[in-house]
Amino acid sequence: MTTTDASRRDMVAVITGSSRGIGRRLALLLAAQGASVVVNYRTNKDLADEVVAEAVRLGGGGFAVQADMENPEDIMRLFDEVADRYGRLDHFINNAAASAFRKILDLKIHHLDRSYGMNVRPFVLGAQQAVSLMDHGGRIVAVSSYGSTRAFATYAALGSYKAAIESFVRFMAVEFAGYGITVNAVNGGLIESDSLHYFYSMPGMAPVETVLAAIPLGRAGTVDDMANAIEFLLSEKAGYITGQVLAVDGGMTVAAPPYYHDTSDPLRLPERPTHGTRPDDLPHASS
Ligand SMILES: NC(=O)c1ccc[n+]([C@@H]2O[C@H](COP(=O)([O-])OP(=O)(O)OC[C@H]3O[C@@H](n4cnc5c(N)ncnc54)[C@H](OP(=O)(O)O)[C@@H]3O)[C@@H](O)[C@H]2O)c1
């Protein structure tokens, strides 16, 4: 990415958790379009500073802010810094996430409280602050995951709160529409990142290869796949879309077992018909 398309010149975006992974990729995508990006991190200052330097090199701007999203005072300070520096905001992307990965019977009270405090509360507190700075309308996007609608080992404490975030998206969409603000979520499937390999190395998880084999598009998603979908929802083109959850998962959550990679008949993927073949000419039409 070397050119500036400048379509977001003068726009300001806050992206929580943008020192690494999906947030970092999105920050650089927006910066390459001329935006100023507020790069939030918890511990990796060096990485966040690198993102800001790269954002400037790409033709955008921005600055890094250390703020732990679990701490409400840090969230207020982050938005105060945005207000001091720019006096306005165009995009708020609630991306940072963390949780305890344990079976439900092993979840303690503090795991439940911290998962709420790390995932749901920062989205709501962040959105309240964001709205106060979006005096010309704006866009809010929350990053969710397939655990919001699908159950699998050790993900209950995060998946259930991702579902709560998606629910808040709908309520916010209705409440903030009058301010010209849209609110949507992007729900990621298996996305190549630091957290994917950490997560699938945990006890109780299936080997990641078995999950990859069940994805219709045949591969894990990339941080670009996620950033591109978020960027679309932040764009003018998405101006009439609000309250929605867009899945970026290669078809994973619409496929049910048994899958096509099960090669037993009758599920084997049929040969692609040549163009011009009529339904009655298909090989299986007479059987
Ligand atoms: N990776 C996947 O397979 C996948 C799939 C679906 C959805 N998602 C969702 O995508 C989002 C981003 O995930 P990712 O995989 O890109 O993450 P990642 O690569 O693990 O990066 C996490 C980012 O969040 C920051 N962070 C963590 N805890 C924080 C806190 N308490 N306060 C502020 N910042 C914090 C980190 O900062 P430091 O660098 O300072 O630690 C880092 O910038 C999450 O909402 C996740 O649930 C991921």
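User: If helices (H or I, at least four residues) and strands (E, at least two) are DSSP runs numbered from the N terminus, where is Asp10 found?

Analyst: In this predicted model, Asp10 is found in the segment before strand 1, the run that covers 12-15.

User: Why does Asp10 count as exposed?

Analyst: The relative accessibility of Asp10 is 59%, and exposed means over 50%, so Asp10 counts as exposed. Its backbone also deserves a look, since Asp10 has a positive phi of about 75° although it is not a glycine. Most residues other than glycine have a negative phi.

User: What makes Thr154 buried, and where is Thr154 found?

Analyst: Thr154 has a relative accessibility of 7%, and the cut-off for buried is under 20%, so Thr154 counts as buried. Thr154 is found in the loop between strand 5 and helix 5 (156-176), and Thr154, although not a glycine, has a positive phi of about 70°.

User: Why is Asp90 called buried, and what does its side chain reach?

Analyst: With a relative accessible area of 10%, set against a limit of under 20%, Asp90 is therefore buried. Asp90 has its place in the loop between helix 3 (72-86) and strand 4 (91-94), and its side chain reaches the backbone nitrogen of Val12 at 2.7 Å. A polar contact requires N or O atoms within 3.5 Å, and the 2.7 Å between Asp90 and Val12 meets that distance.

User: Why is Lys108 called partly exposed?

Analyst: Lys108, in the loop between strand 4 and helix 4 (109-133), has a relative accessible area of 47%. Buried means under 20% and exposed over 50%, with partly exposed in between, so Lys108 is partly exposed.

User: How do you know that Arg20, Thr43 and Met69 have N or O atoms within contact distance of the ligand?

Analyst: The cut-off for a polar contact is 3.5 Å. A polar side-chain atom of Arg20 lies 2.9 Å from an oxygen atom of the ligand, a backbone N or O atom of Thr43 lies 2.6 Å from a ligand oxygen atom, and a backbone N or O atom of Met69 lies 2.9 Å from a nitrogen atom of the ligand; each of these distances is therefore within 3.5 Å. Taken alone the ligand exposes 910 Å², and the protein buries 93% of that.

User: Which element gives the most to the shell around the ligand, and how many residues of each class does the shell have?

Analyst: Strand 5 gives the most, with 3 residues, and by class the shell has 10 nonpolar, 14 polar and 4 charged residues.

Conventions: Residues numbered from 1 in each chain as written. Predicted model: local features only at pLDDT ≥ 70, side-chain atom pairs only at ≥ 80, totals over all residues. Heavy atoms only, no water. Polar contact = N/O pair within 3.5 Å; in protein donor to acceptor, adjacent residues only side chain to side chain. Areas by Shrake-Rupley, 256 points an atom, 1.4 Å probe, with all protein chains shown as cover. Nonpolar A, V, L, I, M, F, W, Y, C, P; charged D, E, K, R; others polar. Buried < 20%, exposed > 50% of the residue type's maximum accessible area, 1.4 Å probe, protein only.
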